[in-house]
Amino acid sequence: MTPTGNQGDHTSVRIQPGATIGVLGGGQLGRMLALDGLRMGYRFVTLDPSPDAPCAEAARHIQADFGDIEAAGRLASMSDVITYEFENVSLEVVEKLEQGAYLPQGGHLLHMTQHRLREKDALSKAGIPVAPYAKIESLAELEQQVALFGGQGVLKTATGGYDGKGQRMIRRQGDAEQAYKELSILGAELVLEAFIPFQLELSVIAARNSDGDIATFPVAENRHADHILHLSIVPARVPEAVQQEAERLARQIAEALDVVGLIAVEMFMTADNQLIVNELAPRPHNSGHYTMDACMTSQFEQHLRAICNLPLGDTTLRTPVVMVNLLGEHRKDMLQWLVEDDAVAEKLHVTPKLHWYGKSEALPKRKMGHINLLASDVESALQWVKQTNIWRNQ
Ligand code: AMP
């Protein structure tokens, strides 16, 4: 392949079907990207250290560490365009690749979203509402700052945290010391955020192509269990004005941060309907999996359209939907459910669509798949979740 080179102006470059897309990271996001892209006529090559990376069933696979510059060079030599499917790929590798290969998302987004403080600084600078926050370098500083935030807060590592890892709630006397002890040994910089008493968590996924066109997907209402996404409910059960504001914020972020590809924006909604942006992810996102069956265009196709600089697809919601994540502990019940007659679905007029990632080991809390429940209203889909009892206490 001839890398197009990342120097110069790529606004008019269109990567057409037939081209090869290199994907840094071979998890389920890469797999679903490749599955959609194969339908569109693209070819895929992925770099991932795991011998059974989910994406490897749909792509050529370079099995190597994310920091392996030589292997990344091989990926570049086989690719017309390179993307990443998770944000903890090595920045050093991405910056190196940018010198000779075409990475339309660019290293700048990765650099920013890999680090909570940098991300919050960039959002604040762009006029986006975020929770009050402060960098923490000692226990004394933490205690002082917690007091300034009204005696509560959330201490987070600036790097490396996901699914609730690397964060501690501070609610009462003594919590700060414990939190500081547990997180400071991880060696990462720390940030304290004010505790936001939110009513709901929402997310919006926006896409922007190199020409600067932007499209947003409908707002998802997200429920977490044990810090892992449990449900995405769409349409979100919030006033129309909140939905519009959420999409407007996502659009503003995509523009201000010069995004190419997808940007997932997680937000809190407070009791007085204010939105506060919590976190960004510059890639397809778990809370956008509902788009696969419920929207005119899936988030994966949209990401490909954006990085290939094609016209963006229609994001209209075709049907109400609830996405439920399937973790290792749900595997047995889910597969059992699937092979039996689903009388609950029939009674509730719900159509369950299964997405299974092909991971060989079903460890507890590991994301194994998800199910999109299509229904005439989200309440029926939520009833299915309750009545099947696969998720028990959640
Ligand atoms: P994060 O890793 O930043 O996505 O946070 C994980 C979860 O912790 C969020 O989905 C919230 O449920 C909760 N959380 C994080 N930050 C805050 C905050 N500042 N105030 C209240 N809850 C938070």
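Colour by secondary structure to begin: the protein has 13 helices and 17 strands. Keep in mind as you click around that this is a predicted model.

**The whole chain**

Zoom out and show just the C-alpha trace. Along the principal axes, the C-alpha atoms fill a box of roughly 60 × 55 × 40 Å. For 394 residues, a compact globule would have a radius of gyration near 21 Å, and the protein agrees with that at 21 Å. Colour by accessibility next, and you'll find that buried residues make up 58% of the 394.

**The ligand**

Now select the ligand and centre on it. Where does the ligand lie relative to domain 2 and domain 3? Colour 132-193 as domain 2 and 198-387 as domain 3: both give residues to the shell around the ligand, so it lies between them.

Show the shell as sticks. There are 15 residues around the ligand, and K156, Q167, I196, E201 and E279 come nearest. By character, the shell divides into 7 nonpolar, 3 polar and 5 charged residues. To see which strands contribute, pick out strand 6 (153-157), strand 7 (167-170) and strand 14 (275-281); each of them supplies at least two residues of the shell.

Turn on distances for the polar atoms and go through three side chains:

- E193: a polar side-chain atom lies 3.0 Å from a nitrogen atom of the ligand.
- N278: an N or O atom of the side chain is 3.2 Å from an oxygen atom of the ligand.
- E279: a polar side-chain atom lies 2.9 Å from an oxygen atom of the ligand.

How much of the ligand's accessible area does the protein cover? On its own the ligand has 480 Å² of accessible area, and the protein covers 92% of that.

**Off the end of strand 14**

Stay with strand 14 and follow the chain onward to S287, in the loop that leads from strand 14 to helix 9 (291-294). Is S287 buried or exposed? S287 counts as buried because its relative accessibility is 2%, below the 20% cut-off. Show the S287 side chain along with S203 and H285. The side chains of S287 and S203 are joined by a polar contact of 2.8 Å, and the S287 side chain also makes a polar contact with the side chain of H285, at 2.8 Å.

**Backbone oddities**

Switch to backbone view and select V234 and P235. The peptide bond joining them is cis, with omega about 5°. P235 lies in the loop between strand 12 (228-234) and helix 8 (240-256).

Run along helix 8 and out of its far end, and select D258, in the loop between helix 8 and strand 13 (261-269). D258 is not a glycine, yet its phi is positive, about 55°. Its relative accessibility is 44%, so D258 counts as partly exposed.

Carry on past strand 13 and select N273, in the loop between strand 13 and strand 14. Here again a residue other than glycine has a positive phi, near 65° for N273. With a relative accessible area of 34%, N273 is partly exposed.

For one more phi value, jump back to G127, just after helix 5, where phi is positive at about 80°.

**Helix 5**

While you're there, select helix 5, residues 116-125, and colour by burial. Which residues of helix 5 are buried? They are R116, L117, E119, K120, A122 and L123, so charged residues turn up in that list along with leucines and an alanine. Look down the helix axis to compare where they point: an α-helix has 3.6 residues a turn, so residues three or four places apart point the same way.

**Helix 10 and the loop after it**

Last stop: select helix 10 (residues 299-307) and go to I307, which lies in it. I307 has 0% relative accessibility and therefore counts as buried. Add V259 and draw a C-alpha to C-alpha distance: I307 and V259 are 48 residues apart in sequence and 10.0 Å apart in space.

Then step on to L310, in the loop between helix 10 and strand 15 (321-327). L310 is buried too, with a relative accessible area of 13%. Finish by drawing a line from L310 to Q105: they are 205 residues apart along the chain, and their C-alpha atoms are separated by 14 Å.

Key:
Residues numbered from 1 in each chain as written. Predicted model: local features only at pLDDT ≥ 70, side-chain atom pairs only at ≥ 80, totals over all residues. Heavy atoms only, no water. Near = heavy atom within 4 Å. Polar contact = N/O pair within 3.5 Å; in protein donor to acceptor, adjacent residues only side chain to side chain. Areas by Shrake-Rupley, 256 points an atom, 1.4 Å probe, with all protein chains shown as cover. Helix = DSSP H or I, 4+ residues; strand = E, 2+ residues; numbered from the N terminus. Domains from an automatic or database assignment. Buried < 20%, exposed > 50% of the residue type's maximum accessible area, 1.4 Å probe, protein only. Rg over C-alpha atoms; globule rule 2.2 N^0.38 Å.
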